[in-house]
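Please open the model in your viewer and keep the sequence panel beside it, since each stop on this tour begins with a selection.

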Amino acid sequence: MAAPGGGAGGAGARGRRRWERPALLAACAVPFGKMVVDGATGGLGANPIEQVQDRLGFWALAFLVLSLAPTPAQRLLGVAWPVRLRRQLGLLAFFTGLAHFSWYLGVDQFFDLRLVAADVAKRPFMAVGMATLLLLLPLAVTSTDRWVARLGFRRWKALHRLAYLAAALGVVHFAWRVKADERQPLAFAAALGTLLALRLLPRRGRRRAAPRSVVGQP
Ligand code: HEM
């Protein structure tokens, strides 16, 4: 089986690798493009500020949970290529979460920190959101191969397991915020629980040496 960060060689594999990341970015740009189109055509409803806030939060969590899928997919199904997209998915989660927070801070609260403090006191789910973003920050910073080398593979891997905690906090943040329809947060919780359970299954075969490129591997 191919190494997590690499994959089998050959012209076909190299060609595939060339379009994987652009294809992922194009796919992930769709919800943002739709938001812009909806904004221009009145499709964001009666409260567009809240709608943009919610959509950014939703996609931040979606990218985060998706970033946890490639490892079990590789281990259980032997599909190696999604592993090469983990880092992009993790960074997309972080930057979308940052945009979600920036939108809230700048557009919703006009950078008024007293308003933010009062809001956090009134709606404690927001503190959970802040904890989620803070957890994602060191993961985004250390997502490069250079940081893997600097921390050593074991420590780096242990640090990046925090992605599961961040995703769990993101789900709590979502579920706590939702008042009536809990289906979406429950779906995220089910997906995350499944990924975690799969991740905890014992590895088959002997342990492999640390792969050459492991960026994005929680
Ligand atoms: C400083 C960090 C954060 C703050 C202050 C924050 C704040 C908020 C607020 C105010 C809302 C509700 C908006 C409304 O009233 O409708 C919200 C919703 C949400 N946030 Fe956050 N958030 C933060 C970080 C995050 C992060 C890192 C994630 C995901 C990884 C996230 C995921 C969500 C989700 C999924 C929703 C609900 C979206 C929906 O209803 O469809 N948030 N957040």
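The confidence score called pLDDT is the predictor's own confidence in each residue, on a scale from 0 to 100. This is a predicted model, and colouring the protein chain by that score is a useful start: the average is a pLDDT of 89, and 89% of the residues score at least 70. Select residues 1-8 next, where pLDDT stays under 50, although the model has 28 contacts beyond four places in sequence for this stretch.

**The whole chain**

Switch to a cartoon view of the protein chain, and you will find ten helices and zero strands, so that the eye meets one α after another along the sequence. Of the 218 residues in the protein chain, 25% are buried. If you display the contacts with a separation of 6 or more, 74% of them join residues that are 24 or more positions apart.

**Around the ligand**

Which residues are the closest to the ligand? Select the ligand together with its surroundings, and among the 21 residues there the closest are Asp-54, Gly-57, Gly-97, Gly-129 and Gly-170. Colour this shell by residue type, and it divides into ten nonpolar, eight polar and three charged residues. Then highlight α2 (48-67), α4 (86-108), α6 (125-141) and α9 (162-177), each of which supplies at least two residues of the shell; α2 gives the most, with eight residues.

**Along helix α6**

Now isolate α6, a helix of 17 residues that reaches 25 Å from its first C-alpha to its last, a span close to the 24 Å expected at 1.5 Å a residue. Show the buried residues of α6, which are Gly-129, Thr-132, Leu-136 and Leu-139. Turn the view until you look down the axis of α6, and these buried residues fall within an arc of 80°, so they line one face of the helix. An α-helix has 3.6 residues a turn, so residues three or four places apart point the same way. On the other side of α6, Leu-134 and Val-141 are exposed. Bring the neighbouring elements back into view, and what covers the buried residues of α6 includes α4, α8 (153-160) and α9.

**Phe-101 and the loop after α4**

Move to helix α4 and select Phe-101, which has its place there. Phe-101 is partly exposed, because 19 other C-beta atoms lie within 10 Å, whereas 20 or more would be needed for a residue to count as buried. Draw a distance from Phe-101 to Leu-56: the two are 45 residues apart in sequence and 8.8 Å apart in space, C-alpha to C-alpha.

Continue into the loop between α4 and α5 (113-122), where you can select Phe-110 and also Phe-111. Most residues other than glycine have a negative phi. In this loop, however, phi is positive at Phe-110, near 50°, and also at Phe-111, near 60°. Phe-110 counts as exposed because it has 9 C-beta neighbours inside 10 Å, and Phe-111 counts as exposed with 10 such neighbours.

**Leu-201, the last stop**

Finally, select Leu-201, in the segment after α10 (183-200). Is Leu-201 buried or exposed, given its C-beta neighbours inside 10 Å? Leu-201 has 10 of them and therefore counts as exposed. Draw one more distance, from Leu-201 to Pro-72: their C-alpha atoms are separated by 9.2 Å, while the two residues are 129 residues apart along the chain.

Notes: Residues numbered from 1 in each chain as written. Predicted model: local features only at pLDDT ≥ 70, side-chain atom pairs only at ≥ 80, totals over all residues. Near = placed C-beta within 6 Å. Helix = DSSP H or I, 4+ residues; strand = E, 2+ residues; numbered from the N terminus. Nonpolar A, V, L, I, M, F, W, Y, C, P; charged D, E, K, R; others polar. Expected span 1.5 Å × (residues − 1). Buried ≥ 20, exposed ≤ 12 C-beta atoms within 10 Å, placed from the backbone. Arc of directions from axis to C-beta. Contact = placed C-beta atoms within 7 Å.
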